[in-house]
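Colleague: I should like to go through this model with you, one question at a time. Please explain how you arrive at each answer.

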Amino acid sequence: MSKILVFANQQGKSLSSGTLEALAFGRRLAVSSGGDVEAVLMGPAAESNAKEVIAYGAVKAYVVSNPLLAEYQVDLYVDSICTIFQQADADVLVLSFDRIGKDLVGRLATRLGAAAITEVVDFKTEGSTQNWVRPIYGDKAYGEYSVTRKKVVVGLRQKSQELAISDVTRTGEIIKVDYKVPDEIILTKLIVKIQSALSDLRLEDAKIIVSGGRGLGGQEGFQLLQSLADLLGGTVGASRAACDAGWVPANLQVGQTGAVVAPDLYIAVGISGASQHLAGITNAKNVIAINADPDAPIFKRANIGVVADYRTVLPALTEKLKQVLV
Amino acid sequence: MHIIVCLKQVLDPEITPRYFKLDPVTNRPDTSESDLVLDSFAENALELAIQLRDKTLGATVSAICLGDESSDDILRRALAFTANQAVRVWDDDWEDLDGQAVGYILGQAIKNIGGAELVLTGYQASDIEEGLVGPVLAEELGIPCITLVSDIEIDDDRVKATCEAEDGCTVVGVQYPAVFTIISAESNVPRLPKVRDIRLARTKPIQLMEADDLELDPVRSQPGVKLERAYVLDREVACEILPGNDGAELANELADRLVALKLV
Ligand SMILES: Cc1cc2nc3c(=O)[nH]c(=O)nc-3n(C[C@H](O)[C@H](O)[C@H](O)COP(=O)(O)OP(=O)(O)OC[C@H]3O[C@@H](n4cnc5c(N)ncnc54)[C@H](O)[C@@H]3O)c2cc1C
Ligand SMILES: Nc1ncnc2c1ncn2[C@@H]1O[C@H](COP(=O)(O)O)[C@@H](O)[C@H]1O
């Protein structure tokens, strides 16, 4: 019987998709271990979202209020989440290993004297305990980890879980916590926020992605990809090699250290298919590879392969599709 | 100003999947077909540390690594980058430490060498990718931690760090001492060390620090997680290679297939 606390991170007004994953994972864990899920929320939207986390399966929602918690601030969040974890006397803390999770997991675990495990994609129940499953070695393998401490902080790999399903008939308790900020803890301060220029279509949400790699040989190749993507109503992605070469901005990178995408169609052009790149497309429904090398590992992940120099295929493909589609 | 950069030795992440094997008993990767290299984000951190030192009067860089003898290679690399000092922390009793234990022990070692104004780590090591050592170090040292940092600017007693945000980037101000976890960026592409510096690095000392030199809490120097099982992933999909004699034929074939599968 374990008590699972989920940190419900809110983006703007609504719960983040990582939080919906964490809530689903938490519930699955609770069902398997005979425990309960509770959630902790903070910021101005916490109260209205508390009902929602209950509909998603939490039996208790801790609403932590203090005007200073309105904006994410790492030191305050570490301190307040620790406070609630202890108040709730929870055993497992689950959070999305998203941008904020990457700040928080190691610090929370250390402060709580708990074990820490990150990039978790699943768990396996062994007797009365859980083993945590996560990819290792750039997604070339999976490892199953046991925990040697009483408590554990789990960072969930983004996009590794189904989203929680809301059921408004669920009931639960909302607990308001007045959180007093110890004044010596605010250490870091936001100076400026720079919005990235390229945000017309987020890779994460795209249904069709045409991605290019080092094999494109330069920026010109990406113009061919852009025409195809425009025609299909999709967007352009890239491998790290193409981003590092400066052919496209870093925010187009797909993979373990870039965007994790789940399009219906992913066309990989001049990309070899390194495990770190494939880590970003695990959930792509259809993968088409265009690569000059028949032995490129990408052909082990693609369902349709074209072995050719992309320069001979891509313009003709775009032309042909124009005739068919327009 | 003292800058410490934490370096980890890892299995070459670019190893061809075909050569990647795990020992079924130890769960460790077979290293006979591949090299051990300096973790790539840690190398970005090293480059940034050297650049910051060269811009700051009187600053020094110490490279520190928790690892067995084979890790001397990456410390020599740091010396060839012109790091001022190299420290290797190791004890034969340490086995299969996790990021938390490594963070704890490194924290004790950093205190032992007198602390630092800036502590730089990579953001996630390319072997297990725990992404823990930086934040854990910050907790252990009781100082702030800024994660996913691409650039640092020193500004009197304060540091301005540019870091990745959900959508774009932010610039954060923090008083040092502080920990920064570094990602790759155009400004921190690792240099090619000069031949002369590589040669000099061979003869420079590497300080060894062992468990007895540090005041270690026996519980906290134990890992919190233990790898019970590991298996290589086989995600192979049956791929249909399209027929065609030239680009035009292949393009036609592919277009037909996309339409037939209702993908466009
Ligand atoms: C810690 C870490 C994290 C990483 N994270 C990521 C990540 O998030 N995303 C990512 O992508 N990578 C990542 N990498 C890098 C990854 O290991 C590979 O180096 C990278 O994905 C290779 O990019 P590529 O496929 O474009 O280049 P290459 O591997 O060089 O492949 C180029 C391909 O193009 C083909 N080609 C060449 N010319 C042509 C032509 N004219 N027509 C058709 N095909 C052609 C070649 O046959 C080859 O297969 C990471 C690495 C590390 C160490
Ligand atoms: N054994 C180690 N010795 C020194 N630094 C380390 C060690 N392990 C991890 N680090 C540092 O912490 C970063 C993140 O590693 P990790 O938390 O293991 O993903 C690495 O890029 C290194 O800078």
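Colleague: Which residue has a polar backbone atom 3.2 Å from a nitrogen atom of ligand 2?

Modeller: The model is a predicted one. A pair of N or O atoms counts as a polar contact within 3.5 Å, and the 3.2 Å distance to a nitrogen atom of ligand 2 satisfies that cut-off. The residue that supplies the polar backbone atom is Leu7(B).

Colleague: Which backbone atoms lie 2.8 Å from an oxygen atom of ligand 2?

Modeller: A backbone N or O atom of Ala125(B) lies at 2.8 Å from an oxygen atom of the ligand. Leu132(B) likewise places a backbone N or O atom 2.8 Å from an oxygen atom of ligand 2. The residues asked for are therefore Ala125(B) and Leu132(B).

Colleague: What percentage of the area of ligand 2 does the protein bury?

Modeller: The reference is the ligand taken alone, which exposes 480 Å². Of that area, the protein buries 98%.

Colleague: Which element gives the largest share of the shell around ligand 2?

Modeller: The shell holds 19 residues, with Cys6(B), Asp39(B), Leu66(B), Ala125(B) and Gly131(B) the closest. By class they divide into 11 nonpolar, four polar and four charged. The largest share is three residues, and the element that gives them is β4(B).

Colleague: Where does ligand 1 lie, and how many residues surround it?

Modeller: Ligand 1 is placed between chains A and B. The closest residues of its shell are Arg214(A), Ser239(A), Thr257(A), Ser272(A) and Asn291(A). By class, the shell has 10 nonpolar, 15 polar and six charged residues. The number of residues that surround ligand 1 is 31.

Colleague: Which residue brings a polar side-chain atom to 3.0 Å from a nitrogen atom of ligand 1?

Modeller: Two backbone pairs may be set aside here: a polar backbone atom of Arg214(A) is 2.7 Å from an oxygen atom of ligand 1, and one of Ala292(A) is 3.1 Å from a nitrogen atom of the ligand. The side-chain atom at 3.0 Å from a nitrogen atom belongs to Asp309(A).

Colleague: What percentage of the accessible area of ligand 1 does the protein cover?

Modeller: On its own, ligand 1 has 990 Å² of accessible area. Of this, the protein covers 86%.

Colleague: What area do chain A and chain B bury between them?

Modeller: In the interface, 81 residues of chain A are in contact with 79 residues of chain B. Arg99(A), Tyr137(A) and Lys140(A) supply 12% of the area that chain A buries against chain B, more than any other three residues. Carbon and sulfur atoms carry 57% of the total buried between the chains, which is about 6900 Å².

Colleague: How many salt bridges does the rule find across the interface of chain A and chain B?

Modeller: One salt bridge joins the side chains of Arg111(A) and Glu139(B), at 2.8 Å from N to O. That distance falls within the 4 Å allowed. Polar contacts form a separate count, with 33 residue pairs between the two chains. For salt bridges across the interface, the number found is five.

Colleague: Within chain A, which residue forms a salt bridge with Lys3(A)?

Modeller: The closest N and O atoms of this pair are 3.7 Å apart, and the limit for a salt bridge is 4 Å. The pair links distant parts of the chain, 35 residues apart, with Lys3(A) in strand β1 and its partner in strand β4 of chain A. The partner of Lys3(A) is Glu38(A).

Colleague: Is the peptide bond from Tyr176(B) to Pro177(B) cis or trans?

Modeller: Most peptide bonds are trans. Pro177(B) lies in the loop between β9 and β10 of chain B. For the bond from Tyr176(B) to Pro177(B), omega is near 5°, and the bond is cis.

Colleague: What is the phi of Asp139(A), and is it positive or negative?

Modeller: Most residues other than glycine have a negative phi. Asp139(A) has its place in the loop between β9 and β10 of chain A. Although Asp139(A) is not a glycine, its phi is positive, at about 70°.

Definitions and conventions. Residues are numbered from 1 along each chain as its sequence is written. Chains are lettered from A and ligands numbered from 1 in the order in which they are written. This is a predicted model: local features need pLDDT of at least 70, side-chain atom pairs count only at pLDDT 80 or more; totals for chains, interfaces and linings use all residues. Side-chain values use heavy atoms; hydrogens and water are left out. A residue is near a molecule or strand if one of its heavy atoms lies within 4 Å of it. A polar contact is a pair of N or O atoms within 3.5 Å; within protein, one must be able to donate a hydrogen and the other to accept it, and residues adjacent in sequence count only if both atoms are side-chain atoms. Accessible areas come from the Shrake-Rupley method with a 1.4 Å probe; for residues, only the protein chains shown count as cover. Helices (H or I, at least four residues) and strands (E, at least two) are DSSP runs, numbered from the N terminus. Ala, Val, Leu, Ile, Met, Phe, Trp, Tyr, Cys and Pro count as nonpolar, Asp, Glu, Lys and Arg as charged, and the others, Gly among them, as polar. Contact means heavy atoms within 4.5 Å. Buried area is the accessible area (1.4 Å probe) that two parts lose on being put together, summed over both.
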